[in-house]
Amino acid sequence: MSTLAAGIAVVNALLLLHTAVNLRLLRVPRDPTPTAEAVCILIPARNEAGSIAGAVRSACAQIGVPNLHVIVLDDASTDGTADIAAACTHPRLTVITSNSEPPAGWLGKPWACHRLSELPAAVAADVLVFIDADVVLEPAAVAATIQLMRSQNLDLASPYPAQIADGFVQQLFQPLLQWSWAATLPLRLAERSQRSSLSAANGQFIVVDARVYRRAGGHTAVAAEVLEDVALVRAVKRADGVGGVVDGTALATCRMYTSTADLIRGYSKSLWSLFGSPANALLSSLLLSMIYIAPLPCVAITAAQGNPGTASLWAVAWCAAVLSRLLVARRTRGSLWSVLAHPAAIAMLLWLLARSWRGRRTGTLVWKDRVLA
């Protein structure tokens, strides 16, 4: 038991160190130098009546991007999304509607993004910006990201927005998003590596050089991918592009879910694809349980058994995990109280992962009123 405790303490200490180094190296778009490039902000939207106005207005209000088009594709919404978007009248804005379903081999979001990318203004653009309909951009968000890309020779940048989480469950779970890549992914190496495991992005906000996007196959290359954002980064890197996640905390906010039920449905639809196979998912679940869930109860168990040395090792393992979460929470404006509940957040992740695989096997995964094959 003491050997196991020592091993996990070392692993968590190394992950803590990796988190600290990663956050120091994390690229931050800060310079909103105006760009003369043609830029197209593309917003796929399906039943987003509650959020689309904020996304559209913030996109149209971008500064430092004089040659800008904003295009919203209303994807067969039934809640008046298109009307709300069109009411945000602006010379930069175009709203189009579609009632067609995705063709065979396509999921809804990649199909919507593909159609947006084929519109004349997007075809003529130098830079494409994809944002979700629940994202609100700061005025200099796009200009600052383009400046970072050009100055650092990146072909794609995915600024990770600050996540707005309401309620106990969302504040517990949502911070795992940023923590997952900050703690485990070597960011600078990942920008250039073509290893599929070394890729991260957030489809809420992606900025990509248009020529590289098309060379990589665009969204056609990720037509059936549930995690189309990560798949797009992989496609770009296969096409000899460079890029990945950057710090978008000061550039954008996103309220992914407005209820616990939506959060459960949202993660259930996609987590099955996270580890590639049921075997990998099971192995990863066992490792996550041992590294992040086991230490805290093992502190109490070994202390009660009269093994203070082993209890101390388990305590070190737990503290290292909590400190890793704390570093990320402070950097990304995440919930600070949830840091101490890290084991509970991991437990919820494993439950959602199992739920996702069950839905995948039974063909019951649904998102935005569409069945995911």
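Long-range contacts dominate in this predicted model: of the contacts in the protein chain with a separation of 6 or more, 80% come from residues 24 or more positions apart. The chain is built from 16 helices and 10 strands, and 55% of its 373 residues are buried.

How does the overall size look? A compact globule with 373 residues would have a radius of gyration near 21 Å, and the protein chain has 21 Å, so the two agree. The C-alpha trace spans about 70 × 45 × 35 Å along its principal axes. About 15800 Å² of the protein chain is exposed, and carbon and sulfur atoms supply 61% of that area.

Now for strand β1, residues 39-45. Seven of its seven residues are buried, so β1 is largely enclosed by the rest of the structure. Val39, Ile41, Ile43 and Ala45 point one way from the strand, while Cys40, Leu42 and Pro44 point the other way, and all of them are buried.

β1 has two parallel pairings worth laying side by side:

| Partner of β1 | Sense | Bridges | A facing pair |
|---|---|---|---|
| β2 (residues 68-75) | parallel | seven bridges | proline 44 and leucine 73 |
| β4 (residues 127-131) | parallel | four bridges | cysteine 40 and leucine 128 |

There's also a helix in the story: β1, helix α2 (residues 52-60) and β2 make a β-α-β unit, and this unit is right-handed.

On to the nonpolar cores. Which residues have the most contacts inside the largest one? They are Phe173, Trp181, Tyr267 and Leu352, in a core of 42 residues. The elements giving two or more residues to this core are helices α7 (168-173), α8 (176-184), α9 (187-192), α12 (260-268), α13 (278-293), α15 (308-332) and α16 (342-362). Of these, α16 provides the largest share, with eight residues.

Leucine 352 is a good place to zoom in. Setting aside neighbours within four places in sequence, leucine 352 is in contact with Phe173, Leu263, Ile264, Tyr267, Ser268 and Leu271. Two of those partners, Phe173 and Tyr267, are themselves listed with leucine 352 among the residues with the most contacts inside the core.

A second core, separate from this one, has 38 residues. Its members include Cys88, Ala133, Ala144 and Leu154.

Methods:
Residues numbered from 1 in each chain as written. Predicted model: local features only at pLDDT ≥ 70, side-chain atom pairs only at ≥ 80, totals over all residues. Heavy atoms only, no water. Buried < 20%, exposed > 50% of the residue type's maximum accessible area, 1.4 Å probe, protein only. Pairing = 2+ DSSP bridges. Right-handed = clockwise from strand over helix to strand, strands pointing away. Rg over C-alpha atoms; globule rule 2.2 N^0.38 Å. Contact = heavy atoms within 4.5 Å. Areas by Shrake-Rupley, 256 points an atom, 1.4 Å probe, with all protein chains shown as cover. Core = buried A, V, L, I, M, F, W, Y, C linked by side-chain atoms within 4.5 Å.
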